[in-house]
Amino acid sequence: MYELIFTILITTKAGLPGVHTERISQFRDVAECEKVKTSMIVSMDYLVREGKMPPGVFECKKPQR
């Protein structure tokens with residue numbers, strides 16, 4: 001089992017740097033996760049260039065137990 005994780009850097013209300021991590025979806029194998037990751041990167045790139053979304057990182061990871 002693999003999870004697609006999206007992480008962005010944020011600034012808190014107090015003005016301090018922080019990290020926001022969100023689990024997008026789960027997959028049975030890494031190949032399927034990587035395929036969806038690639039399509040998400042392409043979609044998010046447009047939003048980042050338009051200034052509608054901060055840049056972030058997509059990762060395929062095995063869930064922590």
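The legends below accompany several views of a predicted model of one protein chain.

**View 1. The protein chain as a whole, with one helix and three strands.** Followed along the sequence, the elements of the protein chain appear in the pattern β-β-α-β. The C-alpha trace of the protein chain spans about 40 × 30 × 10 Å along its principal axes. Among the contacts with a separation of 6 or more, 52% are made by residues that stand 24 or more positions apart.

**View 2. The surface and the charged side chains of the protein chain.** The accessible surface of the protein chain comes to about 5,100 Å², and carbon and sulfur atoms account for 55% of that surface. Of the 65 residues in the protein chain, 22% are buried. The protein chain carries 10 positive and 8 negative side chains, and the centre of the positive set lies 4 Å from the centre of the negative set.

**View 3. The aromatic pair formed by Phe6 and Phe58.** A search of the whole structure finds one aromatic pair. The ring centres of Phe6 and Phe58 are 4.5 Å apart and the ring planes meet at 35°, so the pair is classed as tilted, because that class holds the pairs whose planes are neither under 30 degrees apart, which would count as stacked, nor over 60, which would count as edge-to-face. Phe6 belongs to strand E1 and Phe58 to strand E3 (residues 56-61), so the pair ties together parts of the chain that are 52 residues apart in sequence.

**View 4. The burial of Phe6 and Phe58.** Phe6 has a relative accessibility of 9% and therefore counts as buried, since the cut-off for a buried residue is under 20%. Phe58, with a relative accessibility of 10%, counts as buried as well.

**View 5. Ile10 in strand E1 and the residues that it touches.** Ile10 is found in strand E1, which covers residues 2-11. When residues up to four places away in sequence are left out, Ile10 touches Leu16, Pro17, Gly18, Val19 and His20. One of these residues, His20, is 10 residues from Ile10 along the chain, and the C-alpha atoms of Ile10 and His20 are separated by 6.7 Å. Ile10 has a relative accessibility of 34% and so counts as partly exposed, because this class lies between the buried residues, under 20%, and the exposed residues, over 50%.

Methods
Residues are numbered from 1 along each chain as its sequence is written. This is a predicted model: local features need pLDDT of at least 70, side-chain atom pairs count only at pLDDT 80 or more; totals for chains, interfaces and linings use all residues. Side-chain values use heavy atoms; hydrogens and water are left out. Helices (H or I, at least four residues) and strands (E, at least two) are DSSP runs, numbered from the N terminus. Buried means under 20% relative accessible area, exposed over 50%, partly exposed in between (1.4 Å probe, protein chains only). Contact means heavy atoms within 4.5 Å. Accessible areas come from the Shrake-Rupley method with a 1.4 Å probe; for residues, only the protein chains shown count as cover. Lys and Arg count as positive and Asp and Glu as negative; His and the chain ends are not counted. The place of a charge is taken as NZ of Lys, CZ of Arg, CG of Asp or CD of Glu. Rings of Phe, Tyr and Trp (its six-membered ring) pair if their centres lie within 6.5 Å; planes under 30 degrees apart count as stacked, over 60 as edge-to-face and the rest as tilted.
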